[in-house]
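Reader: I'm new to this structure and would love a close look at one part of it. Could you walk me through it slowly?

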Amino acid sequence: MVQVVIQPSYGTPGARRHWADTLAQAVPFEPIRPSPADLAQLNTVHPGGRARFWGATAKHDKRMDSLALGDVVLLTGRKHVLAIGEVGHPFRDPAFARRLWRPDPTKCLWSNVYSFRHYWPVHMPYEEIWALPGFTTGDNFMGLRFLAPEKAAVVLAHIAADRRSAPAADDEICHAAV
C-alpha cells in the first residue's frame, strides 16, 4: 500500500529558502555528489539528471526507513497543503543533505533525503483535509507524520478526485502557490 506522509515544509525562513532551492525547481544532483549507489538510483528514477528534493532529520530515521518509491507526501505550510509529491528515491546521506541545503551548522541537520519523481503545486486549505473522515478539525499538522493506512486511503481518494492535483513531469517548471 502507498504510504501518505504529511511533511511541514514552509513554516520557517530556512524552510522557505530550502523550498525555493529544491522544491520550486528541479536541481541537478550529480554535482552535489550523492554516493555511487544513490547516484545510480537517482539516475534510474530521474534520467534527466535533475530532481526536486526534501528531507527529514535523524530523529525520523526509523520512520523514514519505510519510505519507498511511489509514496505520497503532502508538503504543508501557511495552513495549506502547498504541494504534493510522489517519492522517487529515498535515502540517508547527511553529507549530501548538507551540500544540498547548506544549513546553519547550529541548526537541525537533515540525514534523510528523498527525491520526487512527480511533484505538483496545490493550494488546499487544511479545512479540506479536516473535512475528510478520520481527521480532526484544528489539527495544524505539526511535525512529520506518516498517516495510518485508513487515513492514507482517504487522502489518496481525495487527491485522485481533485482536479487541482495534476502531476507535472520532472522536467516541467512548476511554481507553488505560496
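Reader: Which residues are linked in a network of salt bridges?

Author: Happy to help! Please keep in mind that this is a predicted model. The network of salt bridges links Asp61, Asp65 and Arg92. Let's take its two pairs in turn.

Aspartate 61 forms a salt bridge with arginine 92, and their closest N and O atoms are 3.2 Å apart. This pair joins distant parts of the chain: aspartate 61 belongs to helix H3 (residues 61-64) and arginine 92 to strand S5 (residues 80-92), 31 residues apart. Aspartate 61 is partly exposed because its relative accessibility is 22%. Arginine 92, with 36% relative accessibility, also counts as partly exposed.

Aspartate 65 makes the other salt bridge to arginine 92, with 2.7 Å between the closest N and O atoms. Here too, distant parts of the chain are linked: aspartate 65 lies in the loop between H3 and strand S4 (72-77), 27 residues from arginine 92 in strand S5. Aspartate 65 is exposed, as its relative accessible area is 53%.

Side chains of opposite charge can pair when their charged atoms come close. A search of the whole structure finds 5 salt bridges, so let me show you another one that involves S5. Glutamate 86 and arginine 117 meet through their side chains in a salt bridge, at 2.4 Å from N to O. Glutamate 86 sits in strand S5 and arginine 117 in strand S6 (residues 110-125), 31 residues apart. Glutamate 86 counts as buried because its relative accessibility is 16%, which is under 20%. Arginine 117, at 28%, is partly exposed.

Staying with glutamate 86, we can step across to the neighboring strand: valine 72 in S4 stands opposite glutamate 86 in S5. S4 and S5 run antiparallel and are joined by 6 bridges. They form a hairpin with 2 residues between them, and arginine 78 in the turn has a positive phi of about 55 degrees. S4 also pairs with strand S1 (residues 4-8), this time in the parallel sense, over 5 bridges. In that pairing, isoleucine 6 stands opposite leucine 74 of S4.

How covered is S4? Of its 6 residues, 6 are buried. Val72, Leu74 and Thr76 are buried on one side, and Val73, Leu75 and Gly77 are buried on the other, so both faces of the strand are covered.

Glutamate 86 also leads us to serine 115, a residue of strand S6. Serine 115 is buried, with a relative accessible area of 0%. Its side chain reaches the backbone nitrogen of histidine 89 at 2.8 Å. Among the residues that serine 115 touches are Glu86, Val87, Gly88 and His89, along with Leu42.

Leu42 brings us to our last stop, helix H2 (residues 36-45), whose buried residues are Asp38, Leu39 and Leu42. Looking down the axis of H2, these buried residues fall within an arc of 100 degrees, so they line one face of the helix. On the other side of H2, Pro36, Ala37 and Thr44 are exposed. What covers the buried residues of H2 includes strand S3 (50-57), S5 and S6.

To return to your question, the salt-bridge network consists of Asp61, Asp65 and Arg92, with arginine 92 placed in strand S5.

Methods:
Residues numbered from 1 in each chain as written. Predicted model: local features only at pLDDT ≥ 70, side-chain atom pairs only at ≥ 80, totals over all residues. Heavy atoms only, no water. Salt bridge = Lys/Arg side-chain N within 4 Å of Asp/Glu carboxyl O. Helix = DSSP H or I, 4+ residues; strand = E, 2+ residues; numbered from the N terminus. Buried < 20%, exposed > 50% of the residue type's maximum accessible area, 1.4 Å probe, protein only. Arc of directions from axis to C-beta. Contact = heavy atoms within 4.5 Å. Polar contact = N/O pair within 3.5 Å; in protein donor to acceptor, adjacent residues only side chain to side chain. Pairing = 2+ DSSP bridges. Lists of a residue's contacts leave out its neighbours within four places in sequence.
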